[in-house]
Amino acid sequence: MALIDEQLVDEWLNRQNFFTMRGIKSGVDEIDLLAIRHNSDGTVDYWHIEVQVSFRPIGYIGGDTNARKRTEQEIRDGVVQWVDKKFRSKRKVDRRNDILPDANWRYLLVHGEVRDATELEIMKELGIDLVPYKQVLTELCGDKTKTSSSTATSITEILNYIK
C-alpha cells in the first residue's frame with residue numbers, strides 16, 4: 001500500500017507545480033519524496049515529505065511499535081527518534097545536500113490514522129508540518145482540471161467514479 005500512497009502524494013505535489021523525486025536512497029534508508037517548486041515571486045520551496053499512512057493502526061509511529069500503553073516520555077522519546085531517523089539523520093542531511101546543497105528544507109509528514117494523537121502534537125513541536133492523507137485525496141479528487149498520465153491519476157479517476 002505504501003507505494004500507492006506515495007504515488008498519490010507525488011501526484012498531489014505535481015499538481016501544485018512541484019518537481020518531485022521519489023524513493024531516494026540514502027544508504028540503507030530512503031527518503032520518500034523531495035519536492036522543489038519555483039514560485040512567481042522568485043522564491044523556491046524545498047519540501048522533504050515522508051508518507052506514513054495507516055487506516056487501522058495497531059502500533060505507534062515512533063519508537064516501540066507494539067500495542068502496549070506507553071508513558072508520555074516514551075511517546076516523546078519515540079517520536080524524537082522517528083523524526084531524527086526520517087528527517088534529521090546525518091545520512092539524510094548529506095543526501096539532500098548532495099542533491100541541493102544548502103537548501104532550506106521544510107519537513108512534512110503525510111499521515112493517515114494514528115494510534116495516539118499525541119505523536120502528531122509532538123511532531124508539530126519538532127517542526128514537522130502535518131498533512132492528513134484525507135486532505136491529499138480530497139484535493140486530488142476535487143481538482144479535475146489537472147491530470148497527468150501517472151498511475152495516481154488513474155486511481156484518482158477511480159475514486160471520483162465511486163463518488
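**Figure 1. Arginine 76 and its salt bridge with glutamate 125 in a predicted model.** Arginine 76 is partly exposed, with a relative accessible area of 31%, where buried means under 20% relative accessible area, exposed means over 50%, and partly exposed lies in between (1.4 Å probe, protein chains only). Arginine 76 forms a salt bridge with glutamate 125, and the closest N and O atoms of the two are 3.1 Å apart; a salt bridge is defined as a side-chain nitrogen of Lys or Arg within 4 Å of a carboxyl oxygen of Asp or Glu. Glutamate 125 counts as exposed, at 56% relative accessibility. Because glutamate 125 lies in helix H4 and arginine 76 in helix H2, the pair ties together parts that are 49 residues apart in sequence. Helices (H or I, at least four residues) and strands (E, at least two) are DSSP runs, numbered from the N terminus. This is a predicted model, in which local features need pLDDT of at least 70 and side-chain atom pairs count only at pLDDT 80 or more, while totals for chains, interfaces and linings use all residues. Residues are numbered from 1 along each chain as its sequence is written, and side-chain values use heavy atoms, with hydrogens and water left out.

**Figure 2. The packing of helix H2 against helix H4.** Helix H2 (residues 72-88) and helix H4 (residues 118-125) pack at an angle of about 55 degrees, and their axes are 10 Å apart; axes are lines fitted to C-alpha atoms, for helices over the stretch in contact, and angles run from 0 to 180 degrees between N-to-C directions. That angle makes H2 oblique to H4, since angles under 35 degrees count as roughly parallel, over 145 as roughly antiparallel, 65 to 115 as roughly perpendicular and the rest as oblique. The crossing of H2 and H4 is right-handed, a term used if the near helix is turned clockwise from the far one by less than a right angle, whereas an anticlockwise turn is left-handed. On the H2 side the contact (heavy atoms within 4.5 Å) is made by Ile75, Arg76, Val79, Trp82 and Val83, and on the H4 side by Thr118, Glu119, Ile122, Met123 and Glu125. By class, the residues of this contact of H2 with H4 divide into six nonpolar, one polar and three charged, where Ala, Val, Leu, Ile, Met, Phe, Trp, Tyr, Cys and Pro count as nonpolar, Asp, Glu, Lys and Arg as charged, and the others, Gly among them, as polar.

**Figure 3. The packing of helix H2 against helix H3.** H2 and H3 pack at an angle of about 25 degrees, with their axes 6 Å apart, which makes H2 roughly parallel to H3. The residues that make the contact are Lys85, Lys86, Phe87 and Arg88 of H2, together with Lys90, Lys92, Val93 and Arg96 of H3. Sorted by class, the contact of H2 with H3 has two nonpolar, no polar and six charged residues. Lysine 90, found in helix H3, is exposed, with a relative accessible area of 60%. Although lysine 90 and serine 26 are 64 residues apart in sequence, their C-alpha atoms are 10.0 Å apart in space.

**Figure 4. Two further salt bridges, one of them between strands S4 and S5.** The side chains of arginine 106 and aspartate 129 meet in a salt bridge at 2.5 Å, N to O. This pair links distant parts of the chain, with arginine 106 in strand S4 and aspartate 129 in strand S5 (residues 129-132), 23 residues apart. Arginine 106 counts as partly exposed at 35% relative accessibility, and aspartate 129 also counts as partly exposed, at 32%. The side chains of glutamate 11 and arginine 15 meet in a salt bridge at 2.9 Å, N to O, and here both glutamate 11 and arginine 15 are buried. The structure holds seven salt bridges.

**Figure 5. Two loop residues with a positive phi, asparagine 17 and aspartate 102.** Most residues other than glycine have a negative phi. Asparagine 17, although it is not a glycine, has a positive phi of about 70 degrees, and asparagine 17 lies in the loop between helix H1 (2-14) and strand S1 (19-26). Asparagine 17 is exposed, with a relative accessible area of 56%. For aspartate 102, phi is near 65 degrees, again a positive value in a residue other than glycine. Aspartate 102 is found in the loop between helix H3 (90-99) and strand S4 (106-111), and counts as exposed at 75% relative accessibility.
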